[in-house]
Amino acid sequence: MAETVNGTEAPDAPATATPSTTGTRVLTSFDPRTGEVTGDYAQMTASELTRAVREARSAQQWWGNLGFSGRKRWLLDWKRSIARSAKDLAEAVAQETGKPYGDAYLEVMLAVEHLDWAARNARDVLGRHGVHRGLFAKNQVATVGYEPYGVVGVIGSWNYPVFSALGSIAYAMAAGNSVVFKPSELTPGVGTQLAESWSRLAPNQPVLQAVTGDGSTGAALCRSRVDKIAFTGSTATARKVMAACADTLTPVTIESGGKDAMIVHVDADIEQAVEAALFGAFGNAGQTCAGIERIYVAESVYDRFLQQFVAGAKRLRPGADRTASYGPITNDAQIEVIREHIRDAIAHGATAALGGPESIREPYVEPVILTDVSEDSLAVTAETFGPVAVVNKVKDLSDAVARANASAYGLGASIFTRDLKTAQRTAERLRAGVVTINSVLGFAAVPELPFGGVGDSGFGRVHGADGLREFSRSKAIVRRKYKGPFDLFTLDRKPRHLRIARAVFKARHARG
Ligand code: NDP
């Protein structure tokens, strides 16, 4: 029997389709630091997926009927349970991604902040509320409310398997949807732990389930007639997801790659900029969608910035232990991309101010800093997703903004300057979903801020009020309160009423 939450008991429902390894194919996950097996999971078949979606649909009825306050109680209980076992979850993240335990724990903490915010704010953002009626509908009461889609399929990436997954899952659930979650094949253990933490709370109501498998499971989820897909991953896979969803007109949200630029203006606090650049470019081994991959520095401070940046990067140490600066390249296929980008940049005339192809010591990559990199080389145009930073000199701020914006991607960007007016003006000119001033990645800790990109970085938003609306359909309701003195919405309309309306219309809109 289900646990009770503040007196609300989850009624009986079909059993959860928990992943099993009884199928013919098994998905094995590994610790990228050691190559050791961390677990075996089901490579779920299409029929198991269909069952999971069917059960999610049934659980959604219960979940949707709970209303905002009922769901809030369950979600806050779920939050407490994740927070209490944060250590276990962080260990699973560290094991499957290879990132240092401290980074993994920080990821869990930030994700829980988002879950808490979504639970507490869903009613205010999505609850039915009145809107202005306009001149010709004074006799009407007009309201708008937001309803859940139903079942949302969440397809996740491996680099932040808790934070980026909950960025969709928490907001989708708070909006009243049930979720079928397909974690990356590199992090099935983390995905399974998240779903189990829900099913321990409400074993009979599979509002959240994990379906483990490889890309084919993700493709099957796109075709499974869920009501929306929230995809996080590469731009190349995003295209396949959209194509698959087109067949069934399933709406999609795409959170894909980035090539974020950081601008260092003439008056920047260089120490502060260097510290942020080290974190943004090399944290998580550069495997951050909104990590810093390009740095554009004003000529007059270029040498000082570069010298301090190189000195700081020399102190970093990738490794497997808890005190390492960052871990390995989680996805071994990425190593070749990183190698190609470094070689291509050097072949196009770049200088390696630190490291080079020899910095790759699989599964680790030491920090690489490339300077004078041609703007059309791969290290500038394509997502490297490794600890490789391009540092190019720029003439002035306009040059910096033009180069920053000359990317197919547009996820995040940052500007370092002491002049707040310059910072604000520049932020508004940068083509990105989020801009940080004198910091990098700080937005991740602000649940109220929407997150998402433009161009090849995707569309739609997670987090904040926009993130809640992303997982809801608006529904307008208009009620006639009384018969108005001027009824224009009738075939018995009086010519005099239309004449008066025309005069009002002209006075309001055609003058001046
Ligand atoms: P991938 O595109 O390789 O995979 C993403 C997810 O899609 C995985 O679960 C994958 O499954 C699944 N998948 C693969 N093929 C298909 C398919 N044909 N149909 C449906 N699903 C499929 O990305 P990564 O996991 O390598 O993640 C790294 C990328 O994610 C980077 O580009 C990064 O910038 C981006 N990212 C973006 C974020 C954002 O918020 N904008 C946040 C975090 C990462 P499987 O792993 O089993 O192949």
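**View 1. Polar contacts between the ligand and the protein in this predicted model.** A polar backbone atom of Gly156 lies 2.7 Å from an oxygen atom of the ligand. The backbone also takes part at Gly213, where a polar atom is 3.5 Å from a ligand oxygen atom. At Thr237, by contrast, the contact involves the side chain: one of its polar atoms is 2.7 Å from an oxygen atom of the ligand. On its own, the ligand has 900 Å² of accessible area, and the protein covers 89% of it.

**View 2. The shell of residues around the ligand.** The ligand is surrounded by 29 residues. Gly156, Lys182, Ser234, Thr237 and Glu383 are the closest of these. Sorted by class, the shell consists of 13 polar, 10 nonpolar and six charged residues.

**View 3. Helices and a strand that contribute to the ligand shell.** Two helices, H7 (215–222) and H8 (235–246), each provide at least two residues of the shell. Strand S10 (228–232) likewise supplies at least two.

**View 4. A nonpolar patch on the protein surface.** Three residues, Leu135, Phe136 and Phe505, form this patch, which has an area of about 280 Å². Leu135 belongs to the loop that links strand S5 (129–130) to strand S6 (140–148). The relative accessible area of Leu135 is 38%, so this residue is classed as partly exposed. Patch residues must have over 30% relative accessible area, and Leu135, at 38%, meets this requirement.

Conventions
Residues numbered from 1 in each chain as written. Predicted model: local features only at pLDDT ≥ 70, side-chain atom pairs only at ≥ 80, totals over all residues. Heavy atoms only, no water. Patch = residues over 30% accessible without salt bridge, like charges linked within 9 Å, V, L, I, M, F, W, Y side chains within 5 Å. Areas by Shrake-Rupley, 256 points an atom, 1.4 Å probe, with all protein chains shown as cover. Salt bridge = Lys/Arg side-chain N within 4 Å of Asp/Glu carboxyl O. Helix = DSSP H or I, 4+ residues; strand = E, 2+ residues; numbered from the N terminus. Buried < 20%, exposed > 50% of the residue type's maximum accessible area, 1.4 Å probe, protein only. Near = heavy atom within 4 Å. Polar contact = N/O pair within 3.5 Å; in protein donor to acceptor, adjacent residues only side chain to side chain. Nonpolar A, V, L, I, M, F, W, Y, C, P; charged D, E, K, R; others polar.
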